Amino acid sequence: MDVKANSRHYDRRRHARVVKDIFAVYATEEPFLEGLLTTENVSGSGILFRSQEALPVGSLMNLNIHLPDQMNPIPCEGRVVRAETVKNDPSSFNIGVSFTRIADADKKQLLRNLLTQDDLYLFI
């Protein structure tokens with residue numbers, strides 16, 4: 001019996017998430033929104049952040065991710081794949097974004113930044 005196939009929910013992520021505060025500037029097309037966000041967690045395939053706006057699932061987003069100690073931001077694009085009301089704060093939303101375009105070199109730089117010595121305890 002395949003447990004995953006019969007499970008109601010299982011984790012399909014290709015990359016481990018790291019809880020880290022990273023700033024990004026974002027802009028969406030429909031609805032048009034722009035601003036600054038702080039991530040709740042980050043992986044090589046996307047980000048999760050908290051927002052006062054409920055972004056529609058499927059919305060496209062342009063991002064410039066600012067890594068600590070890096071001069072130039074990482075430009076990328078993403079698609080909103082999850083928008084859920086925060087349990088303890090019904091006026092806030094957890095927004096999950098999956099990267100749809102990020103250069104290989106930028107992705108490697110992002111992953112190197114995420115997996116610092118301080119974060120290794122996550123995998124032990």
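This passage describes strand pairing and an aromatic contact in a predicted model.

Strand pairing offers a convenient place to start. Strand β5, which spans residues 74-86, runs antiparallel to strand β4, residues 60-66, and 6 bridges join the two. To find this pairing in the structure, a handy landmark is Met61, which stands opposite Gly78 in β5. Strand β5 also pairs with strand β6, residues 89-101, again in the antiparallel sense, and here the pairing extends over 9 bridges. A useful landmark for this second pairing is Arg79, which stands opposite Ser98 in β6. The β5 and β6 strands form a hairpin, with 2 residues between them. Strand β5 thus has antiparallel pairings with β4 and with β6. For readers tracing side chains along these elements, it helps to recall that in a regular strand the side chains alternate between the two faces of the sheet.

Attention now turns to the aromatic rings. The count of aromatic pairs comes to 1. The partners are Tyr26 and Phe49, whose ring centres are 6.0 Å apart and whose planes make an angle of 35°. The arrangement is classed as tilted because the angle is neither under 30 degrees, as for stacked rings, nor over 60, as for edge-to-face rings. This pair links distant parts of the chain: Tyr26 belongs to strand β1, residues 23-28, while Phe49 belongs to strand β3, residues 46-51, and the two are 23 residues apart.

Both partners can also be described by their accessibility. Tyr26 counts as buried because its relative accessibility is 10%, and Phe49 counts as buried with a relative accessibility of 1%. The cut-off behind both assignments is a relative accessible area under 20%.

Note on methods
Residues are numbered from 1 along each chain as its sequence is written. This is a predicted model: local features need pLDDT of at least 70, side-chain atom pairs count only at pLDDT 80 or more; totals for chains, interfaces and linings use all residues. Side-chain values use heavy atoms; hydrogens and water are left out. Two strands pair if DSSP finds at least two bridges between them. Helices (H or I, at least four residues) and strands (E, at least two) are DSSP runs, numbered from the N terminus. Rings of Phe, Tyr and Trp (its six-membered ring) pair if their centres lie within 6.5 Å; planes under 30 degrees apart count as stacked, over 60 as edge-to-face and the rest as tilted. Buried means under 20% relative accessible area, exposed over 50%, partly exposed in between (1.4 Å probe, protein chains only).
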